[in-house]
Amino acid sequence: MRVLYLLNISNPDRLSADSGWIFADLLAPALADVGAEVTVAAPAAAGDARCGFHQTKVPGTKYRARFSADIDELVALIRAEKPDVVVANQVEEAPAIRTALLEAGSNALLVGYCHYLPFSFTGGGRLVLDPSLNDAGLGRPVLLAFASGLAACDRVLVHSATAASWVSAAAARMTVDLGEKLPVVPAPRDERLVRDAATTRLASGTAIGIYNHRLYAHYGTGKFVDLARELSASGTVRLRVMDLFGQRRAERKGLDDSPEKMRDQLAALPHVQVVSDRGDRVRYKNLLAGARFGIAPFRPGCPWSMSVIDCQGMGLPVIAPRLGWLAEHIAPELCFTTPAKAVVLAERLATDDEFHALHAKRAHASTADFAPGLVAARYLEAIS
């Protein structure tokens, strides 16, 4: 099977902070292991030496990635690669890709991967636009483009049952019939970030809770800042906050400068350490290894989180607000609904070795099905 993987990269200056790129970099070799021929078309190469690479331009903004597909380039690429399957990591591009397939005379299967959803649903069933894609009122056009992309795809892959539920509900509201074309295929874990919890030695001294998520306001980072104030005041827990972006391009800061603002607010708090992995996965692993537990983002529209899986693979229990995919994946005993409950959970993980050991073991086990080989097999089954 020849697979052409069309990958949008939003963070070319810091690939380690781009979960879409990491996903492709882990998945492409696993697909090659089981006999697929993979070519990645992206601003930066992903995969290993067995994977082909076609370099594309970096979109100036996240909106250009959704509304400015180059159909001439797509036609030429499809004719050159002669794929059996084309994967659109940006679902909104699927109509343009379908047009290119038509012009190229290709009958390749068009697969959309819902790596990021431009909406979520409240507990009451109300559809909410993702604020990160709603600058200048563009949220609804993005939503409609997403629905158009769903209609253009032969398969639509999602990360989780929560994502499947949300995508199905959104599609139904916009009269897009997904039928049987919505398989759940989780993202692969990074095997470099896997550690057996049973062999983990607990660090002495004050316990460290790690927050390894992007610091965008729409990730609910403001709520985390509030929680950080309460935890730092207790003195039982120190916090390690990852600055995943470093210095961002002016175009990205111009759309949303909240990561820089949130970083500064957190750095000013006592008992809070803001650190960078400098794009080095070994350093990132060491920073995780020095922590006792992780904290999930307060992001309402969370269909999945690679950073949560990173912590769990390392045997770190993760506490999480009870919302979205987090409520689906995280052990119920580690989910909270109030800041006070979050503080209680964090302090218990910091001081109760038996409680910590139990949930460290469960956290590690919860990632077993995300091994790249297993995910690649599910992926190929879904697109065959």
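## Two buried side chains and an open sheet

H159 touches Y113, C114, H115, V184, V185, P186, A187, P303 and W304, leaving out residues up to four places away in sequence. The model is predicted. H159 sits in the loop between strand 8 (155-157) and helix 6 (161-173). Its relative accessible area is 3%, so H159 counts as buried, the cut-off being under 20%.

R214 is also placed in a loop, here between strand 9 and helix 7 (221-234). R214 is buried but has no salt bridge. The nearest side chain of opposite charge is D18, 4.9 Å away, while a salt bridge needs a distance within 4 Å. Neighbours within four places in sequence aside, R214 contacts N11, A17, D18, S19, Y219, T221, L244 and F245.

Each of these side chains has a polar partner.

| Side chain | Partner | Distance |
|---|---|---|
| H159 | side chain of Y113 | 3.2 Å |
| R214 | backbone oxygen of A17 | 3.0 Å |

Now the sheet. Its 6 strands form an open sheet in the order 11-10-9-12-13-14, with parallel pairing. Strand 11 (272-275) and strand 14 (335-336) are the edges; each has a single partner strand, so one side of each lacks a neighbour in the sheet. Helix 10 (residues 281-289) packs on this sheet and touches strand 9 (207-211), strand 10 (237-242) and strand 11. The direction of helix 10 makes about 160° with that of strand 10.

How many bridges join strand 12 and strand 13? Strand 12 (residues 293-295) pairs with strand 13 (residues 318-321) over 2 bridges, in the parallel sense. G294 stands opposite V318 in strand 13.

How values were computed:
Residues are numbered from 1 along each chain as its sequence is written. This is a predicted model: local features need pLDDT of at least 70, side-chain atom pairs count only at pLDDT 80 or more; totals for chains, interfaces and linings use all residues. Side-chain values use heavy atoms; hydrogens and water are left out. Two strands pair if DSSP finds at least two bridges between them. Helices (H or I, at least four residues) and strands (E, at least two) are DSSP runs, numbered from the N terminus. Contact means heavy atoms within 4.5 Å. Axes are lines fitted to C-alpha atoms, for helices over the stretch in contact, and angles run from 0 to 180 degrees between N-to-C directions. Buried means under 20% relative accessible area, exposed over 50%, partly exposed in between (1.4 Å probe, protein chains only). Lys and Arg count as positive and Asp and Glu as negative; His and the chain ends are not counted. A polar contact is a pair of N or O atoms within 3.5 Å; within protein, one must be able to donate a hydrogen and the other to accept it, and residues adjacent in sequence count only if both atoms are side-chain atoms.
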